[in-house]
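Open the model in your viewer and keep the selection panel at hand. The stops below say what to select and what is found there.

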Amino acid sequence: MFENKRVLVTGSSRGIGFAIVKAFLEAGARVAVNGRTAESTESAIAKLGGGDQLMPIPGDVSSVAGCEAIVATAIESLGGMDILVNNAGIDIGASLEEGDEAVWDAIMNINLKGTYFCSRAAVKALRESCGNIVNVGSDSSFMGTADMSIYCASKGGVLMLARAWSRELAPDIRVNCVCPGFVDTDMVRRDYIDQADDPEELLSQVEDYAALKRLGRPEEIAAAVLYLASEQAGFVTGSALSIDGGLTAGY
Ligand SMILES: NC(=O)c1ccc[n+]([C@@H]2O[C@H](COP(=O)([O-])OP(=O)(O)OC[C@H]3O[C@@H](n4cnc5c(N)ncnc54)[C@H](O)[C@@H]3O)[C@@H](O)[C@H]2O)c1
């Protein structure tokens, strides 16, 4: 379905981003893989079996220069760009009293500034290809969570960038946002659940938040990204697609 489409997925050395790369690769795309370091990027490509459909594009999205370098190198290696997936993101819990400038900058620079400046760097190439952008938001694009206000503000912003760009860039470029709930990746498992005094109890609490009573799988988010990026979604722009097991539907 994506035969020879040219795709950049930021933050794709592991987790959801890695699953998105794998799904695009299996659908015939050529994919630029981005992790923060050359090692993480090369190791992700090796796990996928290598080959000339995959380009390593290491780099840090937290600065404008980093975003511009990643996108320029991806466009050069791929010979243009059809799809940009703004997936790179981090999550640091902090109460209002704890959230100092360093935490604010760390989260905002990657999640929000990275999304903005990667897209800005890609917009000319995407106009040329009549391509599209998929931002990776979160259930936190809609819901406030205690001790997570900076992350929530960043993900609300990621959704709002998609909505504003869908108006600004139409009809040339479609822009959408996929909003995962709790997904079984390092971000949730290693950095959150495993840090608890009682990880089993926290896991069952987190599973319980979803109507479907389980964590999501990275491939389930990837399938939604591929739908939004595909021609089947040709009339879809400015949309927020929740893939969260019913987490944000109510309680
Ligand atoms: N896992 C979840 O439950 C969940 C829920 C909602 C939204 N999300 C969002 O999905 C996206 C992926 O999350 P994940 O769970 O796969 O996380 P993860 O921590 O497993 O992976 C994050 C990826 O982003 C990359 N990354 C981090 N900082 C970067 C930077 N400065 N520059 C370039 N790459 C960078 C990492 O190298 C890694 O490849 C994030 O935007 C996250 O906010 C995740």
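This is a predicted model. Start by selecting Val236, which sits in the loop between helix H7 (218-229) and strand S7 (240-243). Val236 has 19% relative accessibility, so it counts as buried, the cut-off being under 20%. Add Val175 to the selection: the two are 61 residues apart in sequence, with 8.2 Å between their C-alpha atoms.

Next, select Leu8, Met81 and Leu84. These residues have the most contacts inside the largest nonpolar core, which has 36 residues. Helix H3 (64-78), helix H4 (101-129), helix H5 (149-168) and S6 each supply at least two residues of this core. H4 gives the largest share, 9 residues.

Now turn to the salt bridges, of which there are 12. Select Glu68 and Arg120, whose closest N and O atoms are 3.1 Å apart in a salt bridge. This pair links distant parts of the chain, with Glu68 in helix H3 and Arg120 in helix H4, 52 residues apart. Glu68 is partly exposed at 36% relative accessible area, and Arg120 is partly exposed at 46%.

For a pair within one helix, select Lys22 and Glu26 in helix H1 (residues 15-26), 4 residues apart, or about one turn. Their side chains form a salt bridge at 3.0 Å, N to O.

Then select Arg190 and Asp186, joined by a salt bridge at 3.5 Å, N to O. Add Arg14 and Asp191 to see one network of salt bridges that share partners.

Finish on the surface: Asp197, Asp198, Glu200 and Glu201 form a patch of negative charge. Asp197, in the loop between strand S6 (174-180) and helix H6 (199-209), is exposed at 85% relative accessible area.

Notes:
Residues numbered from 1 in each chain as written. Predicted model: local features only at pLDDT ≥ 70, side-chain atom pairs only at ≥ 80, totals over all residues. Heavy atoms only, no water. Patch = residues over 30% accessible without salt bridge, like charges linked within 9 Å, V, L, I, M, F, W, Y side chains within 5 Å. Areas by Shrake-Rupley, 256 points an atom, 1.4 Å probe, with all protein chains shown as cover. Salt bridge = Lys/Arg side-chain N within 4 Å of Asp/Glu carboxyl O. Lys, Arg positive; Asp, Glu negative; His and termini not counted. Charge placed at Lys NZ, Arg CZ, Asp CG, Glu CD. Buried < 20%, exposed > 50% of the residue type's maximum accessible area, 1.4 Å probe, protein only. Core = buried A, V, L, I, M, F, W, Y, C linked by side-chain atoms within 4.5 Å.
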